[in-house]
Amino acid sequence: MIDAVLEDSAHYILFACNFYAHKPTTVIGVIPTLYCVLHASAFLINMTQDCHNPALGSLKRQLSRVKDNQQQLLRIVASAEIFVMPIVIMQLFTGQCGSILTPLVYYQFLMLRYMSRRNPYVRNAFTELKIAVNQLILQTRLPIIHQKHCVKSNGNDRATISTSVPTIKLI
(Lines give C-alpha, C1' and ligand atoms only; values in the text may rest on other atoms or scores of the structure.)
Protein backbone atom coordinates (compact mmCIF):
# COMPACT_ATOMS: atom_id res chain seq x y z
CA MET A 1 0.00 0.00 0.00
CA ILE A 2 2.82 2.42 0.85
CA ASP A 3 4.53 1.68 -2.47
CA ALA A 4 1.28 2.51 -4.30
CA VAL A 5 1.15 5.95 -2.66
CA LEU A 6 4.73 6.64 -3.77
CA GLU A 7 3.84 6.14 -7.44
CA ASP A 8 3.35 9.23 -9.60
CA SER A 9 -0.11 8.06 -10.67
CA ALA A 10 -1.32 8.12 -7.06
CA HIS A 11 0.00 11.66 -6.70
CA TYR A 12 -2.19 12.87 -9.53
CA ILE A 13 -5.24 11.04 -8.21
CA LEU A 14 -4.69 13.01 -4.99
CA PHE A 15 -4.21 16.16 -7.10
CA ALA A 16 -7.48 15.59 -8.98
CA CYS A 17 -9.46 14.81 -5.84
CA ASN A 18 -8.04 17.85 -4.09
CA PHE A 19 -9.06 20.29 -6.81
CA TYR A 20 -12.39 18.69 -7.75
CA ALA A 21 -14.47 21.27 -5.85
CA HIS A 22 -11.96 24.08 -6.35
CA LYS A 23 -12.61 27.18 -8.42
CA PRO A 24 -10.92 26.69 -11.83
CA THR A 25 -7.50 28.28 -12.10
CA THR A 26 -5.40 28.18 -15.25
CA VAL A 27 -2.18 27.11 -13.52
CA ILE A 28 -3.95 24.18 -11.89
CA GLY A 29 -5.23 23.03 -15.29
CA VAL A 30 -1.85 23.43 -16.99
CA ILE A 31 -0.22 20.68 -14.92
CA PRO A 32 -2.39 17.71 -15.99
CA THR A 33 -2.73 19.14 -19.51
CA LEU A 34 1.02 19.16 -20.09
CA TYR A 35 1.32 15.63 -18.71
CA CYS A 36 -1.45 14.54 -21.09
CA VAL A 37 0.40 16.12 -24.01
CA LEU A 38 3.62 14.35 -23.04
CA HIS A 39 1.99 10.95 -22.63
CA ALA A 40 -0.15 11.29 -25.75
CA SER A 41 2.86 12.28 -27.83
CA ALA A 42 4.88 9.33 -26.51
CA PHE A 43 2.00 7.00 -27.37
CA LEU A 44 1.59 8.48 -30.84
CA ILE A 45 5.33 8.26 -31.51
CA ASN A 46 5.16 4.54 -30.77
CA MET A 47 2.07 4.14 -32.96
CA THR A 48 3.46 6.06 -35.94
CA GLN A 49 6.95 4.61 -35.74
CA ASP A 50 6.07 1.63 -37.94
CA CYS A 51 3.92 3.63 -40.37
CA HIS A 52 5.69 4.91 -43.45
CA ASN A 53 2.78 6.97 -44.70
CA PRO A 54 4.02 10.32 -46.10
CA ALA A 55 0.82 11.99 -44.88
CA LEU A 56 2.01 11.47 -41.29
CA GLY A 57 5.24 13.41 -41.86
CA SER A 58 4.04 16.67 -40.29
CA LEU A 59 2.55 14.80 -37.33
CA LYS A 60 5.85 12.99 -36.79
CA ARG A 61 7.74 16.30 -36.89
CA GLN A 62 5.42 17.85 -34.31
CA LEU A 63 5.69 14.80 -32.09
CA SER A 64 9.47 14.83 -32.33
CA ARG A 65 9.46 18.51 -31.30
CA VAL A 66 7.46 17.61 -28.20
CA LYS A 67 9.86 14.76 -27.47
CA ASP A 68 12.88 17.06 -27.93
CA ASN A 69 11.41 19.60 -25.49
CA GLN A 70 10.31 17.01 -22.93
CA GLN A 71 12.87 18.09 -20.33
CA GLN A 72 11.76 21.73 -20.53
CA LEU A 73 8.09 20.75 -20.34
CA LEU A 74 8.72 18.64 -17.24
CA ARG A 75 10.58 21.55 -15.63
CA ILE A 76 7.62 23.83 -16.42
CA VAL A 77 5.25 21.31 -14.83
CA ALA A 78 7.45 21.04 -11.72
CA SER A 79 7.62 24.82 -11.38
CA ALA A 80 3.86 25.10 -11.84
CA GLU A 81 3.33 22.45 -9.14
CA ILE A 82 5.41 24.56 -6.74
CA PHE A 83 3.79 27.89 -7.60
CA VAL A 84 0.26 26.54 -7.21
CA MET A 85 0.77 26.46 -3.43
CA PRO A 86 0.90 30.27 -2.95
CA ILE A 87 -2.07 30.59 -5.30
CA VAL A 88 -4.07 28.08 -3.24
CA ILE A 89 -3.18 29.93 -0.03
CA MET A 90 -4.23 33.28 -1.53
CA GLN A 91 -7.48 31.73 -2.75
CA LEU A 92 -8.10 30.33 0.73
CA PHE A 93 -7.93 33.82 2.21
CA THR A 94 -10.14 35.30 -0.53
CA GLY A 95 -12.77 32.57 -0.16
CA GLN A 96 -12.24 31.05 -3.62
CA CYS A 97 -10.74 27.82 -2.33
CA GLY A 98 -12.89 24.68 -2.32
CA SER A 99 -12.07 23.72 1.26
CA ILE A 100 -9.83 24.70 4.13
CA LEU A 101 -8.19 21.31 3.68
CA THR A 102 -7.08 22.09 0.11
CA PRO A 103 -3.74 23.72 1.09
CA LEU A 104 -3.00 20.93 3.58
CA VAL A 105 -3.70 18.19 1.05
CA TYR A 106 -1.75 20.07 -1.62
CA TYR A 107 1.22 20.34 0.75
CA GLN A 108 1.14 16.53 1.08
CA PHE A 109 0.96 16.29 -2.72
CA LEU A 110 4.06 18.49 -3.01
CA MET A 111 5.93 16.37 -0.47
CA LEU A 112 5.01 13.21 -2.40
CA ARG A 113 6.19 14.82 -5.64
CA TYR A 114 9.41 15.87 -3.91
CA MET A 115 10.01 12.28 -2.76
CA SER A 116 9.17 10.78 -6.16
CA ARG A 117 11.65 8.12 -7.20
CA ARG A 118 11.10 8.43 -10.95
CA ASN A 119 10.59 12.16 -11.31
CA PRO A 120 13.34 14.37 -9.86
CA TYR A 121 12.04 17.55 -11.50
CA VAL A 122 10.17 18.92 -8.46
CA ARG A 123 13.22 18.29 -6.27
CA ASN A 124 15.41 20.06 -8.85
CA ALA A 125 12.96 22.97 -9.11
CA PHE A 126 13.00 23.42 -5.32
CA THR A 127 16.80 23.43 -5.40
CA GLU A 128 16.88 26.01 -8.21
CA LEU A 129 14.34 28.14 -6.33
CA LYS A 130 16.45 27.97 -3.17
CA ILE A 131 19.58 29.02 -5.10
CA ALA A 132 17.70 31.89 -6.74
CA VAL A 133 16.40 33.15 -3.38
CA ASN A 134 19.88 32.94 -1.85
CA GLN A 135 21.32 34.90 -4.79
CA LEU A 136 18.57 37.50 -4.38
CA ILE A 137 19.42 37.85 -0.70
CA LEU A 138 23.09 38.47 -1.49
CA GLN A 139 22.41 41.19 -4.05
CA THR A 140 23.09 44.72 -2.92
CA ARG A 141 19.92 46.04 -4.57
CA LEU A 142 17.76 44.29 -1.97
CA PRO A 143 16.96 46.64 0.92
CA ILE A 144 18.89 45.93 4.13
CA ILE A 145 15.69 45.30 6.09
CA HIS A 146 14.67 42.53 3.70
CA GLN A 147 18.17 41.07 3.64
CA LYS A 148 18.29 40.86 7.44
CA HIS A 149 14.83 39.31 7.58
CA CYS A 150 15.65 36.70 4.94
CA VAL A 151 18.98 35.79 6.52
CA LYS A 152 17.36 35.62 9.95
CA SER A 153 14.54 33.39 8.68
CA ASN A 154 17.02 31.17 6.83
CA GLY A 155 19.07 30.69 10.00
CA ASN A 156 22.81 30.21 9.57
CA ASP A 157 22.71 30.05 5.78
CA ARG A 158 20.29 27.08 5.77
CA ALA A 159 17.09 27.76 3.90
CA THR A 160 13.85 27.00 5.69
CA ILE A 161 12.86 24.61 2.93
CA SER A 162 15.97 22.55 3.69
CA THR A 163 14.84 21.90 7.23
CA SER A 164 11.31 20.89 6.26
CA VAL A 165 11.99 18.60 3.31
CA PRO A 166 11.26 14.91 3.74
CA THR A 167 13.99 12.32 3.67
CA ILE A 168 14.29 10.41 0.44
CA LYS A 169 14.87 6.68 0.43
CA LEU A 170 16.56 5.64 -2.77
CA ILE A 171 15.95 2.01 -3.63
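Begin the tour by selecting Arg 75 and Glu 128, which form a salt bridge whose closest N and O atoms are 2.9 Å apart. The two residues bring together distant parts of the chain, since Arg 75 belongs to helix H5 (residues 70-94) and Glu 128 to helix H7 (residues 121-138), with their positions 53 residues apart in sequence. Keep in mind throughout that the model is a predicted one.

With the pair still selected, turn on a surface to look at the surroundings. Arg 75 is partly exposed, at a relative accessible area of 44%, and Glu 128 is likewise partly exposed, at 41%.

Next, stay on helix H5 and select Glu 81 together with Arg 113. These residues form a salt bridge in which the closest N and O atoms are 3.5 Å apart, and this pair also links distant parts of the chain, with Glu 81 in helix H5, Arg 113 in helix H6 (residues 102-114) and 32 residues separating them. Is Glu 81 buried or exposed? Glu 81 has a relative accessible area of 0% and is therefore buried, and Arg 113, also at 0% relative accessibility, counts as buried as well. With this stop both salt bridges have been visited, as the structure holds 2 of them.

Now move along helix H6 to the aromatic side chains, where the topic changes from charges to rings. The count of aromatic pairs comes to 2. For one of them, select Tyr 106 and Phe 109: their ring centres are 5.2 Å apart and their planes stand at 35°, so the pair is classed as tilted, because that angle falls neither under 30 degrees, as stacked would require, nor over 60, as edge-to-face would require. Both residues lie in helix H6, 3 residues apart, which is about one turn of the helix. Tyr 106 counts as buried at 0% relative accessibility, and Phe 109 is buried too, with a relative accessible area of 1%.

For the last stop, select Tyr 114 and Phe 126, which form an edge-to-face aromatic pair with 5.7 Å from centre to centre and 65° between the planes. Tyr 114 lies in helix H6 and Phe 126 in helix H7, so this pair ties together parts that are 12 residues apart in sequence. Both Tyr 114 and Phe 126 are buried.

To end, display helices H5, H6 and H7 together with the selected side chains. In that view, Arg 75 and Glu 128 link H5 with H7, Glu 81 and Arg 113 link H5 with H6, and Tyr 114 and Phe 126 tie H6 to H7.

Conventions:
Residues are numbered from 1 along each chain as its sequence is written. This is a predicted model: local features need pLDDT of at least 70, side-chain atom pairs count only at pLDDT 80 or more; totals for chains, interfaces and linings use all residues. Side-chain values use heavy atoms; hydrogens and water are left out. A salt bridge is a side-chain nitrogen of Lys or Arg within 4 Å of a carboxyl oxygen of Asp or Glu. Helices (H or I, at least four residues) and strands (E, at least two) are DSSP runs, numbered from the N terminus. Buried means under 20% relative accessible area, exposed over 50%, partly exposed in between (1.4 Å probe, protein chains only). Rings of Phe, Tyr and Trp (its six-membered ring) pair if their centres lie within 6.5 Å; planes under 30 degrees apart count as stacked, over 60 as edge-to-face and the rest as tilted.
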